[in-house]
Amino acid sequence: MRKLIATVFNYSLDGLLADEGTDFWKFCFGLPENDRPDSPAYLDFLRSAHAHVMGRNAYEGIAKGMTAATDHPFADILTAGRKVVFSRTMKTADWADTTVAGGDTAEEIDKLRLDGDGHILVWGGVGLWRSLMRLDLIDEFRLSVFPYVAGEGTRLFDGFPKSYRLDLVSSFASDGGIMELRYRRHR
């Protein structure tokens with residue numbers, strides 16, 4: 001069965017996501033390694049995903065960015081990859097190889113997980129991450145924690161059970177001070 005991996009980019013030391021327009025957002029995208037990510041291992045990881053899962057807001061932002069910035073290292077990978085958008089309001093999607101999943105979240109995820117090995121990447125947004133956590137469907141988190149105390153932004157882990165144990169799989173510090181953390185759900 002495929003693993004469901006939530007990728008969390010632009011996360012601050014004080015547990016906040018970089019909301020567009022904030023100083024933290026400007027800091028994150030001012031770093032060359034974040035603005036132009038080109039790690040061969042990470043690009044291979046993205047390429048090998050069975051599917052790229054997103055909520056409607058994340059889909060709209062990523063689709064707009066990747067179709068406009070065709071020279072971005074993720075653009076060709078995401079355009080060619082299978083994309084699934086979780087939305088109860090969207091009926092169609094224009095970006096190549098995109099389907100809309102409007103049914104029961106757990107059932108839709110189960111359909112994606114069956115019939116193979118590998119992984120499915122969850123890009124966000126926050127509402128989808130929280131839904132998947134409440135349903136205990138996320139197998140692994142990959143967080144990019146920036147050396148920054150944001151003070152403003154969206155809290156990813158608000159409103160969850162008091163016990164949501166994770167096991168550290170790996171950690172790596174980039175030259176720019178970004179901690180790449182990989183946690184597996186303790187089961």
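Let's start with one contact: aspartate 136 and arginine 185 form a salt bridge, with their closest N and O atoms 2.8 Å apart. Aspartate 136 sits in the loop between helix H7 (126–134) and strand E7 (140–146), while arginine 185 belongs to strand E10 (residues 179–185), so this pair ties together parts that are 49 residues apart in sequence. Keep in mind that what you're looking at is a predicted model.

How do the two partners differ in exposure? Aspartate 136 is partly exposed, with a relative accessible area of 30%. Arginine 185, on the other hand, is buried, at 14%, because buried here means under 20% relative accessible area.

**A second pair and a network**

Just along the chain there's another bridge to look at, this one between the side chains of arginine 187 and aspartate 139 (3.5 Å, N to O). Arginine 187 lies in the segment after E10 and aspartate 139 in the loop between H7 and E7, so here too parts of the chain get tied together, this time 48 residues apart in sequence. Arginine 187 counts as exposed, at 55% relative accessibility, whereas aspartate 139 is buried, with a relative accessible area of 15%. Which residues end up joined through shared salt-bridge partners? Arg113, Asp136, Asp139, Arg185 and Arg187 make up one network.

**A bridge inside one helix**

The structure holds eleven salt bridges. One of them links the side chains of arginine 47 and aspartate 44, at 2.8 Å from N to O. Both residues lie in helix H3 (residues 40–47), and they are three residues apart, about one turn of the helix. Aspartate 44 is partly exposed, with a relative accessible area of 45%.

Here are the three bridges described so far, side by side:

| Acidic partner | Basic partner | N to O distance |
|---|---|---|
| Aspartate 136 | Arginine 185 | 2.8 Å |
| Aspartate 139 | Arginine 187 | 3.5 Å |
| Aspartate 44 | Arginine 47 | 2.8 Å |

**Glycine 177**

Now for a spot in the loop between strand E9 (166–173) and E10: that's where you'll find glycine 177. Is glycine 177 buried or exposed? It falls in between: glycine 177 is partly exposed, with a relative accessible area of 33%. What does glycine 177 touch, leaving aside its neighbours within four places in sequence? The answer is Val145 and Pro147. Its C-alpha atom is separated by 22 Å from that of glutamate 140, a residue 37 places away along the chain.

**The whole protein**

Stepping back, the protein has seven helices and ten strands. Its C-alpha trace spans about 40 × 40 × 30 Å along the principal axes. How does the radius of gyration fit in? A compact globule of 187 residues would have a value near 16 Å, and the protein has 16 Å, which agrees.

As for the inside, buried residues make up 43% of the 187 residues. Take the contacts between residues at least 6 apart in sequence, and 71% of them join residues at least 24 apart. On the outside, the accessible surface comes to about 9800 Å², and 51% of that belongs to carbon and sulfur atoms.

Finally, the charges: there are 23 positive and 27 negative ones, and their mean positions are 5 Å apart.

Definitions and conventions. Residues are numbered from 1 along each chain as its sequence is written. This is a predicted model: local features need pLDDT of at least 70, side-chain atom pairs count only at pLDDT 80 or more; totals for chains, interfaces and linings use all residues. Side-chain values use heavy atoms; hydrogens and water are left out. Helices (H or I, at least four residues) and strands (E, at least two) are DSSP runs, numbered from the N terminus. The radius of gyration is taken over C-alpha atoms; the globule rule is 2.2 Å times the number of residues to the power 0.38. Buried means under 20% relative accessible area, exposed over 50%, partly exposed in between (1.4 Å probe, protein chains only). Contact means heavy atoms within 4.5 Å. Accessible areas come from the Shrake-Rupley method with a 1.4 Å probe; for residues, only the protein chains shown count as cover. Lys and Arg count as positive and Asp and Glu as negative; His and the chain ends are not counted. The place of a charge is taken as NZ of Lys, CZ of Arg, CG of Asp or CD of Glu. A salt bridge is a side-chain nitrogen of Lys or Arg within 4 Å of a carboxyl oxygen of Asp or Glu.
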